[in-house]
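Hi,

Here is the structure I said I would pass on. Have a look at it first, and then read my notes underneath.

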Amino acid sequence: MVKQHGWYPYEFQSGTTVAVAGDDYVVVASDTRLTENYSIQSRTHSNVYKMHNNSLLLSTGFLGDVLTLKKTLDGRIKTYEYTHNKPISTPALAQMISIMMYGRRFFPYYTSTVITGLNTDGKGCVYGFDPVGSMTEQLYACSGSAMPLILPILDANILGKNTSKPGQVKRTKEETVKMIKDIYMAACERSVELGDAVVVHTLTKEKGIETDVHPLRKD
Amino acid sequence: MLSEFNSCQPCLDTINDKDAFNINNSSNIHTIIPLEADAERNIRTRTVTPIVTGSSVVAFTFNGGVILAADTLGSYGSLAKYRNISRIHQVNEKTVLAVGGDLSDADYIKEAVDSKVEQDTIQEDGGEMTPLALYTWSTRLMYHRRTKLNPLLTSAIVAGMENKEFFQGKNFIDLFTCRFLGRVNDKGSGYKEFLIITGIGNHLAQYRVVVITNDGVEFKAKEVQPDWSLAPLLHNTE
């Protein structure tokens with residue numbers, strides 16, 4: 001006697017995020033389309049969340065879990081600041097996220113999260129997580145609905161993987177931003193869940209977070 | 001101490017159907033109820049299908065504020081049972097709550113919100129719940145219930161005028177301050193947008209409404225011509 005699920009506690013919102021770490025900067029980008037099945041709910045919903053310690057959280061998947069994770073993290077970051085009298089560093093925050101997400105191992109936060117920021121040496125760092133908190137420090141990360149379209153391009157452009165010219169290509173902040181915008185423009189032609197606009201944030205020590213909005217196709 | 005409507009606790013019925021010896025319920029306060037019995041009881045008493053439902057809610061922001069519309073039908077499956085139900089509820093001078101979906105869960109949410117407004121009123125310090133506060137609280141409530149696998153099967157649409165000080169360059173696209181419109185669904189996913197349509201209207205009406213509001217056009221009631229040609233095709237509207 002097998003019963004079908006009448007109501008399922010998860011749902012999947014669209015959203016694609018990209019993060020690239022540089023020597024003294026981090027560039028993160030997110031599209032701004034929010035869909036529910038094949039309807040568009042919002043054209044101005046960004047998946048990048050600014051945390052109080054000046055790092056950027058990218059989170060896609062189930063929006064309820066994304067919002068809850070962000071809220072819980074906000075509280076814990078503040079507690080850390082009050083207890084230790086200094087803002088939490090991005091590597092420490094990454095460890096905290098990993099432990100928090102594994103705490104819900106048997107009813108996971110259904111999100112692909114990435115935390116980005118500048119570490120204590122001022123170098124850009126990107127940490128990627130799976131839905132149960134498996135953490136890896138990466139040079140670049142891509143998560144969300146259009147990840148299969150974008151990740152191979154990042155592999156080829158940043159590390160020269162699987163191309164005739166292997167080897168890392170060093171880029172400046174401005175070149176990275178341009179590359180990411182081009183990648184989003186290409187990917188949105190082939191994905192229904194990607195479009196409307198791409199928000200690109202650049203995080204540096206001197207200027208903090210600079211934001212740029214680039215419009216994309218609305219169909 | 002004033003007893004407050006505690007909306008995060010489940011309202012369990014008083015019949016202990018696991019109790020084979022029919023012991024009087026008052027003895028439960030002296031016994032420890034094992035976890036399995038509680039979970040099993042929840043499986044029997046939670047609702048996962050809506051019973052009496054309300055249909056679409058349409059809401060959008062315009063030059064002067066926010067406008068909401070909802071029909072007054074409560075459907076019992078395909079029977080148009082309750083024909084005069086108001087699904088738009090005024091919370092306080094600045095906030096309005098509209099609900100779509102299961103109407104008993106909608107009443108639960110309204111009761112919980114009214115209880116919060118009451119707590120605010122009796123403080124008598126002029127503090128009022130703003131739309132953003134209600135929206136955030138509703139998101140937490142819906143998410144909490146979905147985590148207990150006992151969802152509130154409604155969408156809550158929160159609309160109103162926010163305090164001016166709050167919108168200091170926060171939202172990068174919406175340049176018009178103060179107007180607030182947000183939606184929370186039954187799983188705790190919430191978003192804010194200038195146009196929100198829930199229910200079947202989302203698939204039918206959206207393009208027509210967006211044409212009017214996309215540029216933040218000034219709302220003039222005399223010039224809007226409603227198109228009723230779709231009305232005979234829709235089952236859940238009055």
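Between them, chain A and chain B bury about 2,200 Å², and 56% of that is on carbon and sulfur atoms. Keep in mind as you read that this is a predicted model. On the chain A side, the residues that lose the most area to chain B are W7(A), Q41(A) and T44(A); together they make up 32% of what that side buries. If you prefer to count residues, 29 from chain A are in contact with 26 from chain B. In case you wonder about using area here, the size of an interface is often given as the accessible area lost when the parts come together.

Next, the helices inside chain A. Two packed helices are described by the angle between their axes and the distance between the axes. For α1(A) and α2(A), the angle is about 125° and the axes are 11 Å apart. That makes the two helices oblique to each other, and their crossing is right-handed. From α1(A), the residues taking part are L69(A), T72(A), L73(A), R76(A) and I77(A); they meet L93(A), M96(A), I97(A), M100(A) and M101(A) from α2(A). Sorted by type, the residues of this contact are eight nonpolar, one polar and one charged.

While you are there, find the loop between α1 (63-84) and α2 (90-103) of chain A, where I88(A) sits. Is I88(A) buried or exposed? With a relative accessible area of 4%, I88(A) is buried, since the cut-off for buried is under 20%. Leaving aside residues up to four places away in sequence, I88(A) touches N53(A), I77(A), Y80(A), L93(A) and M96(A). Of these, I77(A), L93(A) and M96(A) also appear in the contact of α1(A) with α2(A). Going back along the chain, R76(A) is twelve residues from I88(A), and their C-alpha atoms are separated by 9.8 Å.

Chain B has a helix pair to look at too. Helix α2 (residues 103-123) and helix α3 (residues 131-147) of chain B have axes that come within 12 Å and cross at roughly 130°. α2(B) and α3(B) are therefore oblique to each other, with a right-handed crossing. Y108(B), I109(B), A112(B), V113(B) and K116(B) are the α2(B) residues involved, and on α3(B) they meet L134(B), W137(B), L141(B), M142(B) and R145(B). This contact has eight nonpolar residues, no polar ones and two charged.

Cheers

How values were computed
Residues numbered from 1 in each chain as written. Chains lettered and ligands numbered in written order. Predicted model: local features only at pLDDT ≥ 70, side-chain atom pairs only at ≥ 80, totals over all residues. Heavy atoms only, no water. Axes fitted to C-alpha atoms, helices over the stretch in contact; angles between N-to-C directions. Helix = DSSP H or I, 4+ residues; strand = E, 2+ residues; numbered from the N terminus. Parallel < 35°, antiparallel > 145°, perpendicular 65-115°, else oblique. Left-handed = near helix turned anticlockwise from the far one by under 90°. Contact = heavy atoms within 4.5 Å. Nonpolar A, V, L, I, M, F, W, Y, C, P; charged D, E, K, R; others polar. Buried < 20%, exposed > 50% of the residue type's maximum accessible area, 1.4 Å probe, protein only. Buried area = accessible area lost by both parts, 1.4 Å probe.
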